[in-house]
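Good morning, colleagues. I should like to take a few minutes to go through one model with you, beginning with its metal site and moving on to the backbone and the surface.

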Amino acid sequence: MKITISAIKADIGSIGGHLCPSKKLVEAVSEVVKKSSIILDHKIFHTGDDITILMSHDKGENYPEIHRLAWDAFQRGTEVAKEQGLYGAGQDLLKDSFSGNIKGSGPAVAEIEFEERPAEPFLLFMADKTNPGAYNLPFYLAFADPFHNSGLILVPKISQGYKFIIMDMDFKGEGDKVIELETPNDIYNIACLLRDTERFGISEVYSKSGHKCLSLSTTRLHNISGTYTGKDDPIALVRVQKDFPATGEILSPFSISHYVAGFMRGSHVGPLMPVRVNTPVSYFDGPPIVSGVALCVHNGKFTEEVDVFDHPYWDYIRDKASAKAEEIRKQGFFGSAMLGMNELEYTGITEKLEELDKRFIIKEK
Ligand code: F6R
Ligand code: MG
Ligand code: MG
């Protein structure tokens, strides 16, 4: 059976700052999705201040009515957020009306259409207080490095490598600017691009037999609205096992808790902390967090989810991530603790520097 899984995420308001949606808000979103007859199944999660709607259906990727359903659910949620006086109500709905595809209007989208295998396990990742480039390192390692993906040396099909679709997220023209690169031949070319996490992001990965196994939201909100409207807070869907990396191989690189862009005011650098689903944001509007669920889908119906970072091992990683967060916070806004001028999400400093420039004097030698 050919089905599509679609994950669509938005920040439409939260309690106490940019921390966490209210129960009423999550219920309002859920009520709209529940009533739909065009989907086969759905689940709702939240991570930090973002709500993710996971849906299964048989309509294919970019299907307008599926995107409209998410749009309508987020619109209804926004009404409730306004009624409750939540902070940032409707923050990620950047267009006044729905135009047929929710991509480019604020919410983050990841979708994969596939012929269901007899058993179809997959993962959904949801990150908050960071940008799509936060996934560059973990997915590069999971698909291309035998230190994390032992299948690359143990399983012939996996040894053939994968095809990466990488997007230039700074491209401002019509459509998407992408490049297709294949491992193992292009491994250094892939590395050259993915090191620039602000500009390049993995949007899809395919097996060499042409099966899509990864879809990632590569939208950049500030490119849509022109001004700061919150960090992009990316989601990703990954099909796992057999010809694809095993679940544990995909999870393995998240143990690094690598430093990513985001944190307070979307303008700092902090470790990506793997957290349980539905975890709010805290210290210094962070640290940047990622949650993950594993499910199976059969005839379009989801099993219950397993919370992949809810395990004693990840408590130890969380402690290490907290220590990394403390360490970089010690240097405040100096050097690599804060993003470069082009990536600062608030413009106050630019105005200050312009004013100060007028006060500089040239001293004669
Ligand atoms: C980061 C984020 C928060 C806000 C900060 C200030 O992505 O959402 O760190 O930038 O709380 O928020 P405002 O400007 O809404 O007061
Ligand atoms: Mg927010
Ligand atoms: Mg968010």
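The magnesium ion, ligand 3, is held by carboxylate oxygens, the OD atoms of Asp49, Asp50, Asp128 and Asp233. Asp50 appears twice in that list of donors, and the distances run from 2.0 to 2.7 Å. Please bear in mind that this is a predicted model.

How are these donors spaced along the chain? The pattern reads D-D-x77-D-x104-D.

A second ion, ligand 2, belongs in the picture as well. The two magnesium ions, ligand 3 and ligand 2, lie 3.8 Å apart, and Asp49 coordinates both of them.

Are Asp49 and Asp50 buried or exposed? Asp49 has a relative accessible area of 2%, and Asp50 likewise has a value of 2%. Buried means under 20%, so Asp49 counts as buried, and so does Asp50.

Let me turn to the backbone, starting with the cis peptide bonds. One of them joins Thr183 and Pro184, with omega at about 5°. Pro184 sits in the loop that runs between strand 7, residues 178-182, and helix 6, residues 187-194. Another cis bond leads from Gly286 to Pro287, where omega is near -15°. Pro287 also lies in a loop, this one between strand 13 (273-275) and strand 14 (289-298).

Next come two residues other than glycine that have a positive phi. For Lys242, phi is near 60°, and for Phe263 the value is likewise near 60°. Where is each of them found? Lys242 is in the loop between strand 10 (235-239) and helix 8 (247-251). Phe263 is in the loop between strand 11 (259-262) and strand 12 (268-271).

The accessibility of these two residues deserves a remark. Lys242 has a relative accessibility of 69% and is therefore exposed, the threshold being over 50%. Phe263, by contrast, has a relative accessibility of 1% and is buried.

Finally, I come to the surface. Which residues gather there in a patch of negative charge? They are Glu351, Glu354, Glu355 and Asp357. Of these, Glu355 belongs to helix 10, which spans residues 348-359. Glu355 is exposed, with a relative accessible area of 53%.

To close, I would return to the metal site: Asp49 is buried, and Asp49 is also the residue that coordinates both magnesium ions. Thank you for your attention.

Notes:
Residues numbered from 1 in each chain as written. Chains lettered and ligands numbered in written order. Predicted model: local features only at pLDDT ≥ 70, side-chain atom pairs only at ≥ 80, totals over all residues. Heavy atoms only, no water. Donors = N, O, S within 2.8 Å, 3.2 Å for Na, K, Ca; no water. Buried < 20%, exposed > 50% of the residue type's maximum accessible area, 1.4 Å probe, protein only. Patch = residues over 30% accessible without salt bridge, like charges linked within 9 Å, V, L, I, M, F, W, Y side chains within 5 Å. Areas by Shrake-Rupley, 256 points an atom, 1.4 Å probe, with all protein chains shown as cover. Salt bridge = Lys/Arg side-chain N within 4 Å of Asp/Glu carboxyl O. Lys, Arg positive; Asp, Glu negative; His and termini not counted. Charge placed at Lys NZ, Arg CZ, Asp CG, Glu CD. Helix = DSSP H or I, 4+ residues; strand = E, 2+ residues; numbered from the N terminus.
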